[in-house]
Amino acid sequence: MPLSEQEQRLLDEMERHLMRNDADVVSAPRDGRTLSYRNIVYGTILVLLGLGGLIVGVSQQLIVVGVIGFVVMLGGVLLAVTPGRGPGKVRVEPDRPAKPQNSSSFMDRMNDRWDKRQEER
């Protein structure tokens with residue numbers, strides 16, 4: 001069953017509102033705690049080197065080499081998940097039209113519209 005014109009407009013407005021709120025959540029600052037691609041790459045390389053050392057240590061029965069490989073792997077994982085600390089990241093705020101200053105919230109307006117529709121029937 002197709003939506004009426006009023007229902008379609010209401011749905012479009014709700015979608016715009018959700019997209020605006022989702023964009024706010026996505027662009028919200030996270031205390032500068034974003035993952036660094038450089039740390040991820042270096043961490044991955046360390047994990048692979050550590051895995052190689054672990055395999056060599058186990059296959060040659062060299063416990064010291066295996067333990068060192070494991071420690072290198074652990075260090076690589078820790079490096080990969082460590083957030084970047086440099087101030088080089090600049091957050092650009094997209095241009096958005098100013099929100100109208102309504103005294104009621106979005107949900108209050110939706111409830112009012114719903115009540116009006118129920119009265120019309």
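Start by selecting Gln61 in this predicted model, in the loop that runs between helix 2 (37–59) and helix 3 (63–81). Its backbone deserves a look, since Gln61 has a positive phi of about 55° although the residue is not a glycine. With the surface switched on, Gln61 shows as exposed, at 71% relative accessibility.

From this loop, move on into helix 3 and select Val77, which is found in that helix. Val77 is partly exposed, with a relative accessible area of 43%, and belongs to a nonpolar surface patch of about 780 Å². To display the whole patch, add Ile63, Val67, Phe70, Val71, Leu74, Leu78 and Val81 to the selection.

Next, clear the view and turn to the salt bridges, of which the structure holds three. Side chains of opposite charge can pair when their charged atoms come close.

Select Arg9 and Glu5 to begin with, whose side chains meet in a salt bridge with an N to O distance of 3.5 Å. Both residues, Arg9 and Glu5, lie in helix 1 (residues 5–27), where they are four residues apart, or about one turn of the helix. Both Arg9 and Glu5 are exposed.

Now keep helix 1 in view and select Glu7 together with Arg117, a pair that forms a salt bridge in which the closest N and O atoms are 3.1 Å apart. Glu7 lies in helix 1 and Arg117 in helix 4, so this pair ties together parts that are 110 residues apart in sequence. On the helix 1 side, Glu7 is partly exposed, with a relative accessible area of 24%, whereas its partner Arg117 is buried, with a relative accessible area of 12%.

The remaining stop among the bridges is Arg113 with Glu13, where the closest N and O atoms of the salt bridge are 2.7 Å apart. Because Arg113 lies in helix 4 and Glu13 in helix 1, the pair ties together parts that are 100 residues apart in sequence. Here Arg113 counts as partly exposed at 35% relative accessibility, while Glu13, at 19%, counts as buried, the cut-off for that class being under 20%.

To finish, stay with helix 4 (residues 106–120) and select Glu120, which lies in that helix. Glu120 is exposed, with a relative accessible area of 64%. Extending the selection to Asp108, Asp112, Asp115 and Glu119 brings up a patch of negative charge on the surface, in which these residues gather with Glu120.

Definitions and conventions. Residues are numbered from 1 along each chain as its sequence is written. This is a predicted model: local features need pLDDT of at least 70, side-chain atom pairs count only at pLDDT 80 or more; totals for chains, interfaces and linings use all residues. Side-chain values use heavy atoms; hydrogens and water are left out. Patches are made of residues with over 30% relative accessible area and no salt bridge: like charges are joined within 9 Å, nonpolar side chains (Val, Leu, Ile, Met, Phe, Trp, Tyr) within 5 Å. Accessible areas come from the Shrake-Rupley method with a 1.4 Å probe; for residues, only the protein chains shown count as cover. A salt bridge is a side-chain nitrogen of Lys or Arg within 4 Å of a carboxyl oxygen of Asp or Glu. Lys and Arg count as positive and Asp and Glu as negative; His and the chain ends are not counted. The place of a charge is taken as NZ of Lys, CZ of Arg, CG of Asp or CD of Glu. Helices (H or I, at least four residues) and strands (E, at least two) are DSSP runs, numbered from the N terminus. Buried means under 20% relative accessible area, exposed over 50%, partly exposed in between (1.4 Å probe, protein chains only).
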